[in-house]
Amino acid sequence: MPISNPERYTVTAALIYANGPIHIGHLAGCYVPADIYVRYLRASGKEVAFISGTDEHGVPITIRAKKEGLTPQQVVDKYYEQIDASFKSLGISFDVYSRTSKPIHHETSREIFRDLYDKKVFVEETTEQYYDETAQQFLADRYIVGTCPVCANPNAYGDQCERCGSTLSPLELKDPRSTLSGAKPVLKATKNWYLPLNKMQPDIEAYVNGHSEWKTNVFGQCQSWLKDGLKPRAMTRDLDWGIKVPVEDTEGKVLYVWFEAPIGYISATKDWLIQKNGTDEGWKKWWQPTNGGGETKLVHFIGKDNIVFHCIIFPAMLMAEGNYILADNVPANEFMNLEGDKISTSRNWAVWLHEYLEELPDKQDVLRYVLTANAPETKDSEFTWKDFQTRNNSELVGIYGNFINRAVVLTQKFCEGKVPQRGELQEIDQAALNDLAAFPARIAESMENYRFREALSLIMDLARTGNKYLADTQPWHVIKTDPERVNTILNIALQISATLSIVSEPVLPFTAAKIQEQLGLSGKNWQDAGNADLLPAGQPVLEGKLLFEKIEDSLIEKQVQKLHDAKRLNELEGKTVAPVKPEIQFEDFGKMDIRIATILEAENVPKSKKLLKLLIDIGSEQRTVLSGISEHFKAEEVIGKKVLYLANLAPRKMMGMESQGMILMAEDRDGSLAFVQPGKDVWNGGTVN
Ligand SMILES: [Zn+2]
């Protein structure tokens, strides 16, 4: 059963692998919603620990290290710094952003493993696993690739096929090969410790079924795992990068990354207290509140690819340990796509947070807004730069910014820059105040149910209410006849602005701070929102800069171009030089008559996309050649070019015309063509030997 309205919350956001930068898909899937939720809880006076960090073990780290020519430690140090800094710049308000390479995490993970080991929770099993004799290493997970048994993808990983999405084990791959050496692996016996999820299924089922309030995508995925029947899962791996198994005679073995990574939430909590107080005393109230008094609600924010680990495996571990609370909710999001394609790190198709922050400084809230308005809460959604621009220009500038700006500027103009005194209320004023009073509770309800899109749309409705109120009451006309009436109108507009700053703070923290500075509002929290007297009459209202600026087409075009350029560059980097063809003899080469020629005339061939019809001078005569270069060169560009020409190639018919011989071209890495020309102005007919 869900816990309702406790005073204390432990909120975690997924531990991300420290093997690359953060992109908008990560933000939309997990970090922005987590931050909104936590900011809302704090504003509501709750005690919150907001926990996250980097996952610094596992095969993806070592593979990245190999690719970048660094040690695994250098890789995680580099990306930890970058990820931590970009989260901070976006205003993600973690209480602690820790790392699983810290000693406190190793200790905590080893303690929990050892505890389960001593309680005889694990099943010891010796199995045959693939081993690379060249690299002298067992090949877990992504160290092995082969052909997918489901879709025949020749590059499926040992744990998953990225083409068809099947979960795999290395033994299921056809034609397996090591990603370390390329060698064909051999089978070798090794002992590992398994969490017997099959035996634990009834308890896990009871836990999951007690949470039918979970989002349907989360609850549904759990049900499908349970329906298939849970299988034992190895909690140790034969690897050298990770946390050593705290059992005698286990040289060369580490804890499975998905055993220890979620424990990272616990160790990060300890790390937080150590950094703050010099001791981890008090950590238990966040994880074992029966030992610390009161209820604590544990909420995991993650992306949909981690549901099984947070809803089944981690709770199973904690149940077996016995002292821990289990997640009350796991509001996992679906994926966000980008400009019509899946976001992909390996294909470099992503908007990277550190680059966004550099190229669009002071637009943190615009990104937070767009990712929330379009969040993949119940199904995949899509980010496009055009939509980014539209939402900024018509919603943030046109509605939200416009309302606040009008309220402040009119107060400067008509009320000497001070909150005016409210006079007698008309029906329209009372209606606006009633609306104002009702909004915070409605927004809170959406927040508490993890419906942040809905919360944001209500926040924007409040801004619309403010705009409509000003449009209907028209203080700019009324000022000519009834300044007292204008005082009432602007008092109400400013009170709406004050509440708007409080309720939008979780989504737009930078903007809310600016508004509160202008209005002289401080120390107010969610309980104050909706109050018609938040701003006392006479309080100065400061003129501020515009909260949001219009985004021009040129900026959007530049970003879209950049995406395509980065993807293309990435494709080129992946291109390799074609292998050398089988050996030939000198006589074979001697059969070819290659000469210097000059292009005299060129014209497009009707109805052909590729062909140019060329008239060339080969010294002894003129010849007609059809050349497949018209996608690369215009006819007028090639006239006068000196070229290499294969003179004795048998004539061929193309498009009803005869082509005599062939012009030789060089093909570049990106598929573009170039003429191959002699180093000096060699005469037509000169031979190439
Ligand atoms: Zn497949």
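**Sheets and a domain contact**

Me: What is the strand order in the open sheet of four strands?
Reply: Pairing in this sheet is antiparallel. Strands are DSSP runs of E, at least two residues, and helices are runs of H or I, at least four, both numbered from the N terminus. Two strands pair if DSSP finds at least two bridges between them. The order is E6-E5-E10-E11.

Me: What kind of model is this?
Reply: Residues are numbered from 1 along each chain as its sequence is written, and side-chain values use heavy atoms, without hydrogens or water. Local features need pLDDT of at least 70, side-chain atom pairs count only at pLDDT 80 or more, and totals for chains, interfaces and linings use all residues, since this is a predicted model.

Me: Which strands are at the edges of the four-stranded sheet?
Reply: An edge strand here pairs on one side only. That fits E6 (137–138) and E11 (233–234).

Me: Which residue in E6 stands opposite Tyr131?
Reply: E5 (residues 123–132) runs antiparallel to E6, and two bridges join them. Opposite Tyr131 stands Phe138.

Me: Why do E8 and E9 each have one side without a neighbour in the sheet?
Reply: The open sheet of three strands has the order E8-E7-E9. E8 and E9 are its edges, so one side of each lacks a neighbour: each has a single partner strand.

Me: Which residues pair with Val145 in E9 and E8?
Reply: E7 (residues 144–147) makes three antiparallel bridges with E9 (residues 174–178). Two bridges join E7 to E8 (residues 156–157), again antiparallel. In E9 the bridge partner of Val145 is Arg177. In E8 the residue opposite Val145 is Tyr157.

Me: Which residue in the turn between E18 and E19 has a positive phi?
Reply: Six antiparallel bridges join E18 (residues 612–617) to E19 (residues 622–627). Asp617 stands opposite Gln622. The two strands form a hairpin with four residues between them. In that turn, a phi of about 90 degrees belongs to Gly619.

Me: How many residues does each of domain 1 and domain 2 give to their contact?
Reply: Automatic or database assignment sets the domain bounds. Domain 1 covers 8–113 + 257–338, and domain 2 covers 118–255. Their centres, taken over C-alpha atoms, are 22 Å apart. Counting contact as heavy atoms within 4.5 Å, domain 1 gives 40 residues and domain 2 gives 39.

Me: How much area do domain 1 and domain 2 bury between them?
Reply: Buried area is the accessible area (1.4 Å probe) lost when two parts are put together, summed over both. Carbon and sulfur atoms hold 71% of it here. The total is about 3400 Å².

Me: How many salt bridges link domain 1 and domain 2?
Reply: A salt bridge needs a side-chain nitrogen of Lys or Arg within 4 Å of a carboxyl oxygen of Asp or Glu. Between domain 1 and domain 2 the count is zero.

Me: Which helix gives the most to the side of domain 1 that touches domain 2?
Reply: Elements giving two or more residues there include H2 (59–68), H7 (257–277) and H9 (307–321). The top contribution is twelve residues, and it comes from H9.
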